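Hi,

Here is the structure I promised to send over. Have a look at it first, and then read on for what turned up.

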Amino acid sequence: MSMHGAARHGVGVLVVAYLCASASAQSVSADDRAAIAQLTTSYLAALNACQAEDFADLFVPGTGVFASGFRGRMVGREKLVLLVQSERHCTGEQPARPGGGNSAPAIDIEPTKGGARGVVHLGTAEYEDEYAKTPQGWKIRSEEHTSELQSLRHLVCRLLLEKKK
């Protein structure tokens with residue numbers, strides 16, 4: 001197969017994979033969207049108030065993940081508790097964060113096969129979340145924090161990781 005033919009074949013495979021993933025994605029109802037928005041509000045409140053256990057409870061038990069370029073990757077409740085406890089505004093190294101109100105920031109939510117994916121834009125930071133609907137309600141399966149400075153590097157890394165799959 002020529003390089004051109006291989007490239008066309010690769011693009012075709014990607015299109016079919018995307019269509020199959022979209023077709024098997026569950027829908028996200030208005031109630032689900034409201035619950036995910038409340039989850040985000042609770043996340044911000046727990047983090048701002050240094051409520052480490054409440055923060056960790058918002059993630060899928062045992063397997064919830066938080067990742068960022070400067071904090072690394074934390075998996076599981078114990079690591080998520082330690083993450084909040086080590087935040088500079090929680091250790092006293094920086095002033096406390098303002099409360100932020102009771103409303104959730106805008107979230108771009110789309111259904112996925114295993115739940116939902118959301119992107120939250122907060123100033124110069126972006127959070128890409130994967131949500132799972134559990135018997136206890138919606139939880140964060142994984143969250144990836146990207147700052148404005150990391151976004152180009154993040155995109156390149158993500159493309160390389162996707163290529164390896």
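Let's start with C50, which is partly exposed, at a relative accessible area of 30%. C90 is partly exposed too, with a relative accessible area of 24%. Those two cysteines are joined in a disulfide, with 2.1 Å from S to S. Its torsion about the S-S bond is -95°, and the link of C50 and C90 is left-handed. What does the pair tie together? C50 sits in the loop between α2 (30–48) and α3 (52–56), while C90 belongs to helix α5 (residues 88–91), so the link connects parts that are 40 residues apart in sequence. If you are counting cysteine links, the structure holds one disulfide. Please keep in mind throughout that this is a predicted model, so no experiment stands behind these numbers.Now for the overall picture. The protein has six helices and six strands, and from the N terminus on the elements run α-α-α-β-β-α-α-β-β-β-β-α. Of its 165 residues, 34% count as buried. The accessible surface comes to about 10,500 Å², and 59% of that belongs to carbon and sulfur atoms. As for contacts between residues at least 6 apart in sequence, 46% of them join residues at least 24 apart.

The aromatic residues are worth a look on your screen. How many aromatic pairs does the structure hold? There are four. One of them is Y43 with F55, a tilted pair at 4.9 Å centre to centre and 45° between the planes. Y43 lies in helix α2 and F55 in helix α3, so this pair ties together parts that are twelve residues apart in sequence. Are these two rings buried or exposed? Y43 counts as buried at 4% relative accessibility, and F55 counts as buried as well, at 0%.

F55 also pairs with F59, again in a tilted arrangement, with 5.3 Å centre to centre and 50° between the planes. F59 is buried, its relative accessible area being 1%. Put Y127 alongside Y43, F55 and F59 and you have one aromatic cluster.

Y127 falls within strand β5 (residues 125–134), which brings us to the strands. Strand β3 (residues 107–112) and strand β4 (residues 115–122) run antiparallel and are joined by six bridges. They form a hairpin, with two residues between them. If you want a spot to find by eye, go to D108, whose bridge partner in β4 is V119.

On we go along the chain: β4 is joined to β5 by seven bridges, and these two strands also run antiparallel. Here G118 stands opposite D129 in β5. The hairpin of β4 and β5 has two residues between the strands, and G123 takes a positive phi near 60° there. When you look along these strands, remember one general point: in a regular strand the side chains alternate between the two faces of the sheet.

That's what I have for now. Shout if you'd like to go through any of it together.

Cheers

How values were computed. Residues are numbered from 1 along each chain as its sequence is written. This is a predicted model: local features need pLDDT of at least 70, side-chain atom pairs count only at pLDDT 80 or more; totals for chains, interfaces and linings use all residues. Side-chain values use heavy atoms; hydrogens and water are left out. Two strands pair if DSSP finds at least two bridges between them. Helices (H or I, at least four residues) and strands (E, at least two) are DSSP runs, numbered from the N terminus. A disulfide is a pair of cysteine sulfur atoms within 2.5 Å. Buried means under 20% relative accessible area, exposed over 50%, partly exposed in between (1.4 Å probe, protein chains only). Contact means heavy atoms within 4.5 Å. Accessible areas come from the Shrake-Rupley method with a 1.4 Å probe; for residues, only the protein chains shown count as cover. Rings of Phe, Tyr and Trp (its six-membered ring) pair if their centres lie within 6.5 Å; planes under 30 degrees apart count as stacked, over 60 as edge-to-face and the rest as tilted.
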